[in-house]
Amino acid sequence: MGLLDAIFGSDDSDEDVSPEETADDASPDEESSEEVTAFEPLDPASYWAYCHFPFPLDWNRRDVETLAERADLDADRLVSNGRGGFRIVTSQGTICLEVDAGSLPDEASIDLDFLPDDFPDEADLGHLQMALAEDGDVVNFESRFQPLDTAPDPWAEEGILRTMTRLVRQCLQRANTGVVRLASHRTPQTAREFLDVSEGVDEPGVRSFTAWLEMHTSDDTSHLESAGLRSMGLPELRIRCEPPVPSDSESHEPEMNTDRWRRSREREALLYVASEMVHERRVPRAEGEAAESEADRERADDERRVPFGFGLEAARRHELEDFADEATTPYTLHLEEDVLEVRSSGPSDVWERWGTFDRSSSTMPPQSYHALFYHECQRTIDVETAPLRGRLPLEEIDDVDPIDLEIYAVDDTSSPTLAVSNGLGRQPGLSDRLDGEAQHVELAVQLAAEDFDEWVTDILLNSTAGFVLEDRTWRPGDVLEFEEPLHGLRAFVLDAMFDASPPRGPSIAVWQLVPLDEDEYDTVSQTGGVSWLDEQSEALDIVGRWRRLRR
């Protein structure tokens, strides 16, 4: 049995085998059946993808066959050089695999602090290099898909980048650890990061180009630039990084013009244009460039309106739906030599809209509110990155507008993970302050990072529905109840955590759900939630409480 059988699990045996036990498992007959061909090892600098694992790799033909099968790779022929090198011949070219062990290659340039905790001493690492060869020669990564009009589509059903992505995912997913370096990237990715950005690669309509796309600040810090698109036959993108407004500026409030807000919009713009080019396999017409046809004139305008919150999932699926102008930022495209520059052609008015919020009915599109609250939530709790775990549409309920619910998980080992709704507070009037003024509220759950799972989504969705549907005005200390227990939980006290305060307009309160057991529910029903929360004080242990009560 080879290493991949130990990782993947053998189809004809239930016996547990560790990677260490597989080194000598290949029988003489099995080894002698390999087709051995003399070819030189890959140049370490010629990789398309380079994976590193916290255990040595000792592969034979069966291991590679298993990998190819798991990745749905249609292989015509498989050969080995008997020294850890394998060549898989396909209709798209020859995929080269090179297996090695030992310390990280000198050219890896990986900070050892970046390696996951399960990586041992460097000398015990395993390495897998992947590349593509044609006519016996390894193909340069950036030149493979040029020119665009004649090169093969790398994201077609059997496209080489789709195939490579599947191979890397199989290795990382089954090993449940690892680090991967891509030829398109300056920096490595952990197994979790790569698996996240390459989701959907097995779906025909999805193009997981986001796994091979990197965005970084230029050396002179003047632009945000893409890397990886040139390898797909497309121009790289860049957008100027506008400096923040000085704190003594009289024309703008500095809180409305922060680096974080601008960087979010700039990344959205590059991702939006990249998605259009990758899916449509064409370079959009830039400003001043003549349209070749009437159809081109209609579909290739040089202006783009990029919706707030345009993310990886929308980019992979090419979800370029129309949004109200109020939920977008306008940009124009300018071709500068071999780089397509994206330029802002006007500011968004999301701050002004919130500052003049109509109390009777919301005039702010959901996407605008999402971007505003996300930004303010990050700024308030001083977290540089709060990964978006998913936008979850609350099913339409009679007489209630559907609510887009987003969950943010703040991954910080020194504090609990925070899951926060985003969308509930767009409408005022569901709660009020002690002075009677209508208040905007979002709901939150605090828990340990390792406890974050789908049940958190269930709790927040159902809490949001209860918050909206119950005919009452909410305040901190009130008890929110489910009609039926969900994951063993039925009643929660609403506890005020913090206010997200935009520079203009009303603040947005964040209230956490505090789960109650049956005895506590009886007590709170008699004494009130505010008194009970005061009594708990430091002994509340919210993380332990979720663990203890959830089933």
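## Ring contacts, worked through

The charged end of Arg-181 sits over the ring of Tyr-47, 5.0 Å from its centre. Keep in mind that this is a predicted model.

**Exercise 1.** Find the ring that Arg-472 lies over, and give the distance to the ring centre.

*Solution.* Start from Arg-472 and look for a ring face: the one here belongs to Trp-474. Then take the distance to the ring centre, which comes out at 4.2 Å.

**Exercise 2.** Classify the pair formed by Phe-141 and Trp-212, then place both rings in the chain.

*Solution.* Step one is geometry: the ring centres are 5.7 Å apart and the planes make an angle of 25 degrees. Planes under 30 degrees apart count as stacked, so Phe-141 and Trp-212 are a stacked pair. Step two is location: Phe-141 is in the loop between strand S6 (137–138) and helix H4 (160–175), while Trp-212 is in the loop between helix H5 (191–197) and strand S9 (214–217). That puts the partners 71 residues apart, linking distant parts of the chain. Last step: both residues are buried.

**Exercise 3.** Do likewise for Tyr-272 and Phe-310.

*Solution.* The centres are 5.1 Å apart, with 65 degrees between the planes. Angles over 60 degrees count as edge-to-face, so that's the label for Tyr-272 and Phe-310. Tyr-272 belongs to helix H6 (residues 259–280), and Phe-310 to the loop between strand S12 (303–307) and helix H8 (312–317), so the pair ties together parts 38 residues apart in sequence. For burial, the cut-off is under 20% relative accessible area: Tyr-272 at 9% is buried, and so is Phe-310 at 6%.

How values were computed: Residues numbered from 1 in each chain as written. Predicted model: local features only at pLDDT ≥ 70, side-chain atom pairs only at ≥ 80, totals over all residues. Heavy atoms only, no water. Phe/Tyr/Trp six-rings, centres within 6.5 Å; stacked < 30°, edge-to-face > 60°. Helix = DSSP H or I, 4+ residues; strand = E, 2+ residues; numbered from the N terminus. Buried < 20%, exposed > 50% of the residue type's maximum accessible area, 1.4 Å probe, protein only. Lys NZ or Arg CZ within 6 Å of the ring centre and 35° of its normal.
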